[in-house]
Amino acid sequence: MNYKECLDYIHSLLRFGSKPGLSRISYLLDRLGNPQKKLRIIHIAGTNGKGSTAVMVQSICSAAGYKTGLYISPFVTDFCERIQVDGNYINENELCEITQKIREAAQTLNNTDPVTEFEFITALAFECFVQKKCDVVVLETGLGGRFDATNVVEKPLVSVITRIGLDHQNVLGDSIEKIAFEKSGIIKSRCPVVVSSHQPECALEVIRAECKNKKSPLFLNCLPSFSSCTVGVSGNEFVFDSSVYKSGLIGTHQFDNAANAITAVEVSGLKIKQSDIVEGLSKAFLPARSEILSTEPIVILDGSHNIDGIASLSDLLRQLNINKITAIIGMMADKSISDALRQISPLCKDIVTVTVEDNPRSACATQLASICSEFNDNVHIATDYDNAIKTAIQLANGGPIVVFGSLYLSGGIRQSLINTFKC
């Protein structure tokens with residue numbers, strides 16, 4: 001198979017939907033010789049911040065000299081972004097070779113319960129990391145934790161749970177407590193657990209109970225004092241345990257993610273020096289996480305797609321004293337759109353809605369516009385991404401443009417924004 005054929009095959013597995021459970025992935029990995037059992041893994045779950053925390057941990061471990069694998073989802077710029085080693089994407093030839101191997105193993109599964117796309121990619125990642133002889137793997141869950149395909153990991157170096165909020169309620173439950181229960185499924189017996197201190201108390205109660213049940217030591221990260229933290233368009237700077245750190249991932253919410261990452265590597269048992277943490281945090285990068293694409297004019301691309309994520313984006317804009325923005329918004333129809341937009345609407349001068357392309361879950365631009373009209377009188381409907389950018393530029397008239405609502409939107413529109421603003 002060539003690269004396109006590989007991607008076509010992998011994406012064809014979407015037709016089987018998302019089916020929580022570990023039986024299929026366990027069978028598939030067993031057919032492959034259980035590559036996950038040959039790896040040292042740091043496992044990360046949460047509603048918001050798990051991707052940022054994951055890349056920070058990966059970058060720190062790489063700076064310490066460990067060959068470090070990273071598995072994240074979804075991708076923004078390139079499918080190969082999901083599987084990385086020391087910040088380098090799996091190359092197309094490697095992807096094709098391993099895909100063929102996984103496909104042959106997957107074909108032995110019962111046709112009445114076939115492997116899903118996420119399960120296939122998870123197996124592919126484990127096999128890649130073993131072939132690459134990774135010293136450490138940073139593994140981000142896809143959805144939830146308890147029945148997520150990544151939860152075949154039996155003895156992680158450390159489990160990390162970032163901030164929990166309301167998202168995917170149709171799958172994970174309709175309350176913070178129920179969602180926390182699903183996320184805490186990654187906690188394993190007598191393995192250390194790092195939890196965001198910026199966590200709802202009701203979620204912490206659930207996590208504490210699970211740690212007690214599993215006899216797993218619990219470490220609450222020590223959120224840096226905001227009096228010693230600064231946020232700017234060039235990055236964050238903060239003090240943690242009397243040391244000064246800088247990070248290109250910006251926003252006050254990233255202080256918590258950085259504290260998660262630092263605490264995780266410190267309790268992991270790995271040999272990590274303070275200088276490794278400084279270097280790793282300074283180099284960590286993840287596209288579409290409050291990404292500044294232009295400073296003249298200000299153009300920010302953010303993948304925030306739920307209430308807490310958009311609230312964090314709003315806080316960042318206020319911190320940077322950015323208001324009267326022209327927003328380009330595209331969201332999934334199954335999100336709490338009205339509640340999410342209520343967070344940021346006071347900062348919007350104009351809103352341009354667009355349908356997220358090539359995604360059947362997307363809310364249509366007209367539907368989004370109707371909801372946005374509840375909060376803003378200046379709402380415009382775009383026909384496609386290029387039209388959305390052109391309209392936003394005209395409306396902004398040199399003012400700030402902020403694009404958000406979905407990582408799928410971010411991935412589809414990012415290159416057009418870069419080309420338009422010659423980033």
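E237 stands opposite K246 in strand 11 in this predicted model. The two strands involved here, strand 10 (residues 235-240) and strand 11, pair in the antiparallel sense over five bridges. They belong to an open sheet of three strands. A second topic below is a cavity with a volume of about 30 Å³.

**The three-stranded sheet**
- The strand order is 9-10-11, and the pairing is antiparallel.
- Strand 9 (230-232) and strand 11 (243-247) are the edge strands; each has a single partner strand, so one side of each has no neighbour in the sheet.
- From one strand to the next, the twist averages 15°.

**The helix on the sheet**
- Helix 9 (residues 253-267) packs on this sheet and touches strand 9, strand 10 and strand 11.
- The direction of helix 9 makes about 50° with that of strand 10.

**The second largest cavity**
- Rolling a probe the size of a water molecule over the atoms shows where empty space is left.
- The count comes to two cavities of 30 Å³ or more.
- The second largest cavity has a volume of about 30 Å³.
- Its lining consists of I329, L341, I344, S345, C348, I351, C372 and F375.
- Helix 12 (337-344) and strand 15 (348-353) each supply at least two residues of this lining.
- By residue class, the lining of the second largest cavity has seven nonpolar residues, one polar residue and no charged residue.

Technical notes: Residues numbered from 1 in each chain as written. Predicted model: local features only at pLDDT ≥ 70, side-chain atom pairs only at ≥ 80, totals over all residues. Heavy atoms only, no water. 1 Å grid on protein atoms, 1.4 Å probe; cavity = no way out; pocket = protein on both sides within 12 Å on 5 of 7 lines; lining within 4 Å. Points joined across faces, edges and corners; volume = space filled by probe spheres on them. Helix = DSSP H or I, 4+ residues; strand = E, 2+ residues; numbered from the N terminus. Nonpolar A, V, L, I, M, F, W, Y, C, P; charged D, E, K, R; others polar. Pairing = 2+ DSSP bridges. Axes fitted to C-alpha atoms, helices over the stretch in contact; angles between N-to-C directions. Contact = heavy atoms within 4.5 Å.
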